[in-house]
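Biologist: I'd like a close look at one part of this model, please, the salt bridges and what surrounds them. Take your time, and let the rest come in afterwards.

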Amino acid sequence: MFILKVHSVDTNKPLFFDLSKRSNPNPKFSERRGVLHLYGSTSQTSLPSPSSRSTLLFVIAVPNYLSTDDFIRFCGSFIDHVIGLVFIRNDGMEDRYSVLIKLDDQSTADEFYDSFNGKRFSPSEAEVCHILFMLSVEYTESAEIACIPPNGFTELPTCPICLERLDPDTSGILGTLCDHSFQCSCPSKWTYLSCQVCRFCQQQDENPTCSVCGTLEILWVCIICGFVGCGRYKTQHAIKHWQDTQHRYSLDLRTKEIWDYVGDKYVHRLNQSKSDEKMVDMNTCCLSGEGDCGTCGHSEDPGISGALFSSKVEAIMDEYNHLLATQLETQRQYYEYQLVEAKSKIESLISEAVEKAVTSRMQEIQLELEKCEGGKNYVANINRDLIKNQEIFRKKVKDTEERYVVCFL
């Protein structure tokens, strides 16, 4: 299930529309202007299931060449079961608008979904109708509130091409008619290419740079807001953007692979074929319930399907082998750095221990030297006293001898 938050820029219209009741026999049509924020559940798959359906449907993008009257005609006989239609336009998205549809019961909503989801708006154009079952819709005049994801939900891109790049469990889109690869020209058919991510993928002549440090290498673009940042092996500005905004999905501009920072895994729908290095759609089944329809680009031929399957398996193996080799190389560099640090620390400790031992021995020698100097001075004083006493005794002996001679004379 999905939740939609609309940062409404309409000041003269109420923030809430009552789509739960039919006020008159005719559907209630209305139009709003605002910025859409689409949130998908993080706890379960986004693909439709009996427990995740509702009578409120959201058409992600309708090309602008289809007017509101054209869209109503596109709905056909289902328009009689529509309780309310809300056309939501964003001034920054001149190539498309979105539609909220409230139907009168669940069976009609399921039929509407089955009839139009994955159908081209026009046989001669590239745009496809993508429909999601909505849990709730909230209108707010606060941009901050609109950007806060509900508990258990994460923000998804509102660009239909970027949604198709994600795997089905994340985007809720089961199959696509085109891979939207780097060489593909169909995104350019959206008149103004208002999605910055699609512009980066199409404009091959430009050299995008990191929005913070300006580097040209290892660039990732946020598929929610279009922020361009360098990868984890540079200055990690793409990761810092995720930490600041909680925009968890980022596209590698070189390989067109999408990384989920929260799940710590790749979540892109497309994998590169080993044989021709072109992007291969993960969904190989025909979208038509009648088998090989000849229009969706998928074949029921088991030989072709087997070859595609083998190519995908090889591509996945190559991808994870490359990822494993990269991680092993990173680990090798990390442990080599740790060894150098440990060796440097040991050498420093040895040097400190030797210096401490030498200082201690020098202090002991100094004390012994001072002790010897003290003994030397003591002996010198005794010697000086002895010499002095010797002179005194010599003088006394001489005096005694002289007195003795006088006595005998």
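Modeller: Let's settle one term before we start: a residue is partly exposed when its relative accessible area falls between the 20% under which it is buried and the 50% over which it is exposed. Keep in mind, too, that this is a predicted model.

With that in hand, take Arg 332, which has a relative accessibility of 37% and therefore counts as partly exposed. Its salt-bridge partner is Glu 336, and the closest N and O atoms of the two are 2.6 Å apart. Glu 336 is partly exposed as well, at 39%. Both residues belong to helix H8, where a spacing of 4 residues puts about one helical turn between them.

Stay on helix H8, which spans residues 302–408, and you come to another salt bridge, the one joining Glu 391 to Arg 394 at 3.9 Å from N to O. Here the spacing along helix H8 is 3 residues, again about one turn. Glu 391 has a relative accessible area of 46%, so it is partly exposed.

Helix H8 isn't just about charges, though. Val 358 sits in it too, and this valine is partly exposed, at 42% relative accessibility. Val 358 joins Ile 346, Ile 350, Val 354 and Met 362 in a nonpolar surface patch of about 470 Å².

Now leave helix H8 for a salt bridge that spans more of the sequence. Arg 53 pairs with Asp 110, with 2.4 Å between the closest N and O atoms. Arg 53 is in the loop that runs between strand S2 (28–41) and strand S3 (56–63), while Asp 110 is in helix H2 (residues 106–116), so this pair ties together parts that are 57 residues apart in sequence. The two ends also differ in cover: Asp 110 is buried, at 14% relative accessible area, whereas Arg 53 is partly exposed, at 31%.

Helix H2 brings us to the aromatic side of the picture. There are 12 aromatic pairs in the structure. One of them is Phe 112 with Phe 116, a tilted pair with 4.7 Å between centres and 50° between planes. These two phenylalanines are 4 residues apart in helix H2, about one turn of the helix, and both are buried. The pair is also part of a cluster linked by ring pairs, whose other members are Phe 71, Phe 74, Phe 78, Phe 87, Tyr 97 and Phe 121.

Tyr 97 is where the rings and the charges come together. The charged end of Arg 89 sits over the ring of Tyr 97, at 4.3 Å from the ring centre. Arg 89, in turn, is linked with Glu 31 and Arg 33 in a network of salt bridges. That arginine therefore takes part in a salt-bridge network, and its charged end also sits over a ring of the aromatic cluster.

Stepping back, the structure holds 11 salt bridges, and what I've described includes several of them, among them Arg 53 with Asp 110. The chain around them is built from 8 helices and 14 strands. It has 409 residues, and 39% of them count as buried. As for surface, the chain exposes about 23700 Å², with 54% of that coming from carbon and sulfur atoms. Finally, if you take the contacts between residues at least 6 apart in sequence, 66% of them join residues at least 24 apart.

Key:
Residues numbered from 1 in each chain as written. Predicted model: local features only at pLDDT ≥ 70, side-chain atom pairs only at ≥ 80, totals over all residues. Heavy atoms only, no water. Patch = residues over 30% accessible without salt bridge, like charges linked within 9 Å, V, L, I, M, F, W, Y side chains within 5 Å. Areas by Shrake-Rupley, 256 points an atom, 1.4 Å probe, with all protein chains shown as cover. Salt bridge = Lys/Arg side-chain N within 4 Å of Asp/Glu carboxyl O. Buried < 20%, exposed > 50% of the residue type's maximum accessible area, 1.4 Å probe, protein only. Phe/Tyr/Trp six-rings, centres within 6.5 Å; stacked < 30°, edge-to-face > 60°. Lys NZ or Arg CZ within 6 Å of the ring centre and 35° of its normal. Contact = heavy atoms within 4.5 Å.
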